[in-house]
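Subject: Structure handover

Dear colleague,

Here is the structure for your files. My notes on the strands, one helix and the pockets follow below it.

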Amino acid sequence: MANEVILLDFWPSMFGMRTRIALREKGVEFEYRDEDLWNKSPLLLETNPVHKKVPVLIHNSKPVCESTIQVQYIDEVWSDKNPILPSDPYQRAQARFWVDFIDEKMYDAQRKVWGTKGEEQETGKKEFIELLKTLESELGDKTYFGGDDFGYVDIGLIGFYSWFHAYEKYGNLNIESECPKLIAWAKTCMQRESVAKSLPDSEKVIEFVTEIRKKFMIE
């Protein structure tokens, strides 16, 4: 059976970036469709009727929703190349724990950095840097979160890196001075073709954030 793979996504989505990276790590050809989140396509509403959100991975007409589930699905379906999750059950559980941590904490904290002002922003900045330092501590002196092999936690976090310059601009931060090892890790990840092709240019993200701030009058 031929593999027809379609990804419904939105270019600045750090969650969609995970799925793009996973597909490219496996060498899977896919059709990318960029969604207008203010005017969602009938296909998006049909394939993700519960959350109505991107990304949606459609494999041979069957939709898979939620980026972490998509990455695990991709790893299982295309299991012959570049394993994403560790084979050891304990290491696999640890990897899932850290991606859950990223999902539970990171999105809200980073949104406060660029999408709020005043006291709420200051609280968000402290929370955000604290989260990054926790992740940097888990990374330690390893090349990747899983050791020598690029994997699930790296994929779970690296999409946020494309937003770092926007956080620095609007949050008045210097992330590298706070978390130098994490920045070194991100630069190593960016040397991978799968990552470089999947993350948008940081200047384009800044332009996007600027437009959103104007739209919602965050000044």
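Which residue in β3 is the bridge partner of Leu 8? The partner is Val 56. Before the rest, two notes on conventions. The model is predicted, so local features need pLDDT of at least 70 and side-chain atom pairs count only at pLDDT 80 or more, while totals for chains, interfaces and linings use all residues. Residues are numbered from 1 along each chain as its sequence is written, and side-chain values use heavy atoms, with hydrogens and water left out.

Strands

Helices (H or I, at least four residues) and strands (E, at least two) are DSSP runs, numbered from the N terminus. Two strands are called paired if DSSP finds at least two bridges between them. Buried means under 20% relative accessible area, exposed over 50%, and partly exposed in between (1.4 Å probe, protein chains only).

Strand β1 (residues 5–9) is joined to β3 by four bridges, and the two run antiparallel. Besides the Leu 8 contact, Val 5 has His 59 of β3 as its bridge partner. Four bridges also join β1 to strand β2 (residues 31–34), here in parallel, and Leu 7 is partnered by Tyr 32 in β2. Five of the five residues of β1 are buried, so the strand is largely enclosed by the rest of the structure. Val 5, Leu 7 and Asp 9 point one way from β1, with Ile 6 and Leu 8 pointing the other way.

Strand β3 (residues 56–59) is covered on both faces: Val 56 and Ile 58 are buried on one side, Leu 57 and His 59 on the other. β3 pairs with strand β4 (residues 62–65) in the antiparallel sense over four bridges, and Val 56 stands opposite Cys 65 there. β3 and β4 form a hairpin with two residues between them, and Asn 60 in the turn has a positive phi of about 50°.

Helix α5

The 22 residues of α5 should span 32 Å at 1.5 Å a residue (the expected span is 1.5 Å times one less than the number of residues), and the end C-alpha atoms are 32 Å apart, which agrees. Buried residues of α5 include Phe 128, Ile 129, Leu 132 and Glu 136. The buried residues cover an arc of only 160° around the axis (taken from the directions from the helix axis to the C-beta atoms), which puts them on the same side of α5. The face turned away from that side carries the exposed residues Glu 119, Lys 126, Glu 130 and Ser 137. Glu 130, in α5 (residues 118–139), has a relative accessible area of 57%. Glu 130 and Glu 178 are 48 residues apart in sequence and 9.6 Å apart in space, C-alpha to C-alpha.

Pockets

A pocket is an open set of points on a 1 Å grid over the protein atoms alone, where a 1.4 Å probe fits, with protein on both sides within 12 Å along at least five of seven lines; lining residues have an atom within 4 Å of a point. Volume is the space filled by probe spheres set on the points, which are joined across faces, edges and corners.

The largest pocket holds about 720 Å³. Of its 26 lining residues, Ser 13, Phe 15, Leu 37, Lys 53 and Tyr 107 are the closest to the centre. α4 supplies the largest share of the lining, four residues.

The second largest pocket holds about 430 Å³. Its lining has 22 residues, of which Ile 84, Pro 86, Gly 146, Asp 149 and Gly 151 are the closest to the centre.

Regards
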